[in-house]
Amino acid sequence: MKRGILILGLLMLGISAISAADLRLIHVKGIHSIGARVGTALFNTWNVGVNYNYCMHRRWVFNTGVDYEQGKFGQSLYRGITLSPGAEFAVWQPCSWLFINLTSNVNLAWDEWEHKELSSREDAFAVGGSVGFNLEAYVSQYVSVLLQAQQNLMYRCETPTLSGEFYCRPLFSLGVRAHIR
């Protein structure tokens, strides 16, 4: 798996380097972006999501996304939908087509746990936040590819059958964004 991620990263950088001469006006105030991503937590879950970004400044981007995650933990199945508005900050631009961004989001989620052995299902609202970073490589001025890592800290709210509890949820993902000028 690590070798595959490394090869994918090198391929992404190679494609971006070829088209770097064509890049103009990236990360400019007023640009909208829409994107999609797919990822995993610790290889026992998978995640898909869509996102929207608005560039407010050369370094600051407002972002929001909706993710669906599904996983298995022992005899329990997990499904969750998360809405996550937040911000992205471009901390380093080593060349014209490559950005390293820090991200921070507020997470609002609906969690569903199904316990096979107990034949029960529990739903709960969860709130939390996430921090992370991404490597964004521009393939052209209209398309970029992202490798992302983030850590979510969530609090599942108390319900009649569940006591409130904190849990961590990492996410590693690969995404693509289309930039609208």
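The legends below describe an overview and several close-up views of a predicted model. Local features are reported at pLDDT of at least 70 and side-chain atom pairs only at pLDDT 80 or more, while totals for chains, interfaces and linings use all residues. Residues are numbered from 1 along each chain as its sequence is written, and side-chain values use heavy atoms, with hydrogens and water left out.

**Figure 1. Overview of the protein, with 1 helix and 9 strands.** Read from the N terminus, the elements follow the order α-β-β-β-β-β-β-β-β-β, where helices (H or I, at least four residues) and strands (E, at least two) are DSSP runs numbered from the N terminus. Of the 181 residues, 43% count as buried; buried stands for under 20% relative accessible area, exposed for over 50% and partly exposed for the range in between (1.4 Å probe, protein chains only). The exposed area is about 9800 Å², of which carbon and sulfur atoms supply 69%, as computed by the Shrake-Rupley method with a 1.4 Å probe, with only the protein chains shown counting as cover for residues.

**Figure 2. Surroundings of Thr-82 in strand E4 (residues 76-83).** Thr-82 is buried, its relative accessible area being 4%. Once neighbours within four places in sequence are set aside, Thr-82 is in contact with Gly-65, Val-66, Asp-67, Asn-107, Leu-108, Ala-109 and Arg-169, a contact being heavy atoms within 4.5 Å.

**Figure 3. Two of the 5 aromatic pairs in the structure.** Rings of Phe, Tyr and Trp (its six-membered ring) are paired if their centres lie within 6.5 Å, and planes under 30 degrees apart count as stacked, over 60 as edge-to-face and the rest as tilted. The pair of Trp-60 and Phe-89 is tilted, because the ring centres are 4.6 Å apart and the planes stand at 45°. Since Trp-60 belongs to strand E3 (residues 60-73) and Phe-89 to strand E5 (residues 86-95), this pair ties together parts that are 29 residues apart in sequence. Trp-60 is partly exposed at 42% relative accessibility, and Phe-89 is partly exposed at 27%. Tyr-155 and Phe-166 form another tilted pair, with 4.9 Å from centre to centre and 55° between the planes.

**Figure 4. A nonpolar surface patch of about 750 Å².** Val-50, Val-66, Ile-81, Leu-83, Val-106, Leu-108, Trp-110, Phe-125 and Val-127 make up this patch. Patches consist of residues with over 30% relative accessible area and no salt bridge, like charges being joined within 9 Å and nonpolar side chains (Val, Leu, Ile, Met, Phe, Trp, Tyr) within 5 Å. Two or more residues each come from E4, strand E6 (98-115) and strand E7 (120-140), and E6 gives the largest share, 3 residues. Ile-81, in strand E4, is partly exposed at 47% relative accessibility.

**Figure 5. Salt bridges, of which the structure holds 9.** A salt bridge is a side-chain nitrogen of Lys or Arg within 4 Å of a carboxyl oxygen of Asp or Glu. One of them joins the side chains of Asp-67 and Arg-37 (2.8 Å, N to O), and both of these residues are buried. Another is formed by Glu-114 and Arg-79, whose closest N and O atoms are 3.0 Å apart; this pair links strand E6 to strand E4, 35 residues apart. Arg-121 and Asp-123 also meet in a salt bridge (2.8 Å, N to O), and bridges that share partners join Arg-79, Glu-112, Glu-114, Arg-121 and Asp-123 into one network.
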